[in-house]
Amino acid sequence: MNNAPIETPWRLNRRRLLQAAPTGLIGWFAAGGTLLADPAAADSPWPGLIAHSVDPPNAEPAVPTLIRNWVTPLEHFYIRSHAVAPEIDPGKFRLKVEGLVRRPTEFSLAELLGRFRRTETMATMCCAGNRREEHSLIKPVDGVQWRGGALGNALWSGVSLADVLRAVEIADGAKHVWFEGLDPHEKRGEQIIFGGSIPLSRALAAPAGAEPLLCDRMNGQPLTPDHGYPLRTVVPGYIGARSVKWLGRIVVSDRPSENHYLATAYKLVTESTPDAWSQAPALMSLPLQSYIGSMTSRGDGNVRVRGYALPPGYGDGLLQRVELSSDGGTNWKRARITSEQRRYCWVLWEADVPAPNARAEIVVRAVDSEGRGQPEKAAWNLKGYMFNAWHRKPLRQP
Ligand SMILES: Nc1nc2c(c(=O)[nH]1)N[C@H]1C(S)=C(S)[C@@H](COP(=O)(O)O)O[C@H]1N2
Ligand SMILES: [Mo]
């Protein structure tokens, strides 16, 4: 990774944007609008991302940038790692598949990719900690204070996890599939690795085009070191933590993984007691989500609002509608979906809503395909996961 100072794309973009912007947008800037304001991007070693930390790498794009594309370009794809990316020699790399299987196997990359059909999955990866910054307004929690950019949509490609599991012949009693990363790091004085598991049923049954993958390519390029080179899992609809990067071992088991990131982290608890941690279920499916990315004054009393919405990871993984209010939730206006719509993929939307005055607040909420909406308020939890309250954004920062 290049740590040298760079001319930040943020400064370039802002200047270019101002040059190219329609007058309405310049008016919005001049009026102190909140569009794109992102000082932290200036210090980031990743062009295109706001850095929260460099070691380990944690960075997210500014949301106005993120929502320009339905398929997220790599330079704007968030990075969430618990350790610096390990250096892995692709020639020496081996994936072990073992546990409750009749044919435990060790695959080289070439064997894995040569033996199974190439499979593509379009899916949105999203961190369970996305929007933690807002969650911390209820009561502060530790962890990376993600804004609304800890997600990205990509075309993942590799081999189907189900194909590999069938080839090694799953034995009786198998219920869970463990994944282990090759990224040892220290946690409370101990060396641990990142890992987790998913139910076997999820690994085996998935709609075509949304299959969990052992993935070596992202948007047509080899995975970058930060995104898990040479191999990672991708589990559509599940929290990002279940998509294990730098995958080194798969274990089929009758029980969930005992790895820290499955057994103790990524759970909703309100107090840190052994009982609370052991009793809470491990988080899997992503919650329904929506977010306002940009607001542009139209000069006619309306404001054009753009953003994203993410269907939940349960059910059919689709959305019914996205709606906005500028009067605190009395009247709602349906947004136009401006992107493709696919299972477990986000949508981009836009809407023109009345801006009654400069202090007005715009609110967005999404509704899933079964008619369930987002909560107006979200419950606090110790780790600040799964925050999906209606997103509110004042037209102008006070
Ligand atoms: N081995 C390993 N896999 C990992 C992680 C990690 O730290 N180590 N982070 C997880 C988390 S919390 C998320 S949200 C996603 C982020 O994937 P990305 O960095 O490619 O966006 O990777 C997951 N897989
Ligand atoms: Mo995450």
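This passage walks through a predicted model of a protein chain with a bound ligand, from the overall fold to a few individual residues.

The protein chain contains nine helices and 23 strands. Of its 398 residues, 55% count as buried. The surface that the chain exposes amounts to about 17300 Å², and carbon and sulfur atoms supply 50% of that area. Contacts that reach far along the sequence are well represented: among contacts with a separation of 6 or more, 70% are accounted for by residues 24 or more positions apart.

Two pieces of the strand architecture can be followed in some detail. An open sheet is built from three strands in the order E1-E2-E3, with antiparallel pairing. Its edges are formed by strand E1 (50-53) and strand E3 (79-80); each has a single partner strand, so one side of each is left without a neighbour in the sheet. Strand E2 (residues 58-60) runs antiparallel to E1, and three bridges join the two. Within this pairing, Ala 51 has Ala 59 of E2 as its bridge partner. Further along the chain, strand E4 (residues 94-99) pairs with strand E5 (residues 105-108), again in the antiparallel sense, over four bridges. The connection from E4 to E5 is a hairpin of five residues, and Lys 96 stands opposite Glu 106 in E5.

Ligand 1 is a natural next stop. It is surrounded by 18 residues, of which His 82, Asp 183, His 227, Arg 232 and Lys 245 are the closest. Three of these side chains can be described by their polar atoms. In Lys 245, a polar side-chain atom lies 2.6 Å from an oxygen atom of ligand 1. For Arg 232, an N or O atom of the side chain is 2.7 Å from an oxygen atom of the ligand. The side chain of Asp 183 instead places an N or O atom 2.7 Å from a nitrogen atom of ligand 1. On its own, ligand 1 has 530 Å² of accessible area, and the protein covers 100% of it.

Tyr 238 is found in the loop between strand E14 (232-234) and strand E15 (247-253). Although it is a loop residue, Tyr 238 is buried, because its relative accessibility of 7% falls under the 20% limit. Leaving aside residues up to four places away in sequence, Tyr 238 touches Ile 198, Pro 199, Arg 202, Met 284, Ser 285 and Leu 286. Its C-alpha atom is separated by 9.4 Å from that of Thr 124, a residue 114 positions away along the chain.

Asp 352 offers a charged counterpart within a strand, namely E21 (residues 347-354). With a relative accessible area of 17%, Asp 352 also counts as buried, since the limit is 20%. A polar contact of 2.8 Å links the side chain of Asp 352 to the side chain of Arg 304. Beyond residues up to four places away in sequence, Asp 352 touches Arg 298, Asn 302, Val 303, Arg 304, Lys 333 and Arg 336.

Finally, the cysteines deserve a brief word. Zero disulfides are present in the structure. Cys 127 has a relative accessibility of 9% and is therefore buried. Cys 345 is buried as well, at a relative accessible area of 1%.

Definitions and conventions. Residues numbered from 1 in each chain as written. Chains lettered and ligands numbered in written order. Predicted model: local features only at pLDDT ≥ 70, side-chain atom pairs only at ≥ 80, totals over all residues. Heavy atoms only, no water. Disulfide = S-S within 2.5 Å. Buried < 20%, exposed > 50% of the residue type's maximum accessible area, 1.4 Å probe, protein only. Pairing = 2+ DSSP bridges. Contact = heavy atoms within 4.5 Å. Near = heavy atom within 4 Å. Polar contact = N/O pair within 3.5 Å; in protein donor to acceptor, adjacent residues only side chain to side chain. Areas by Shrake-Rupley, 256 points an atom, 1.4 Å probe, with all protein chains shown as cover.
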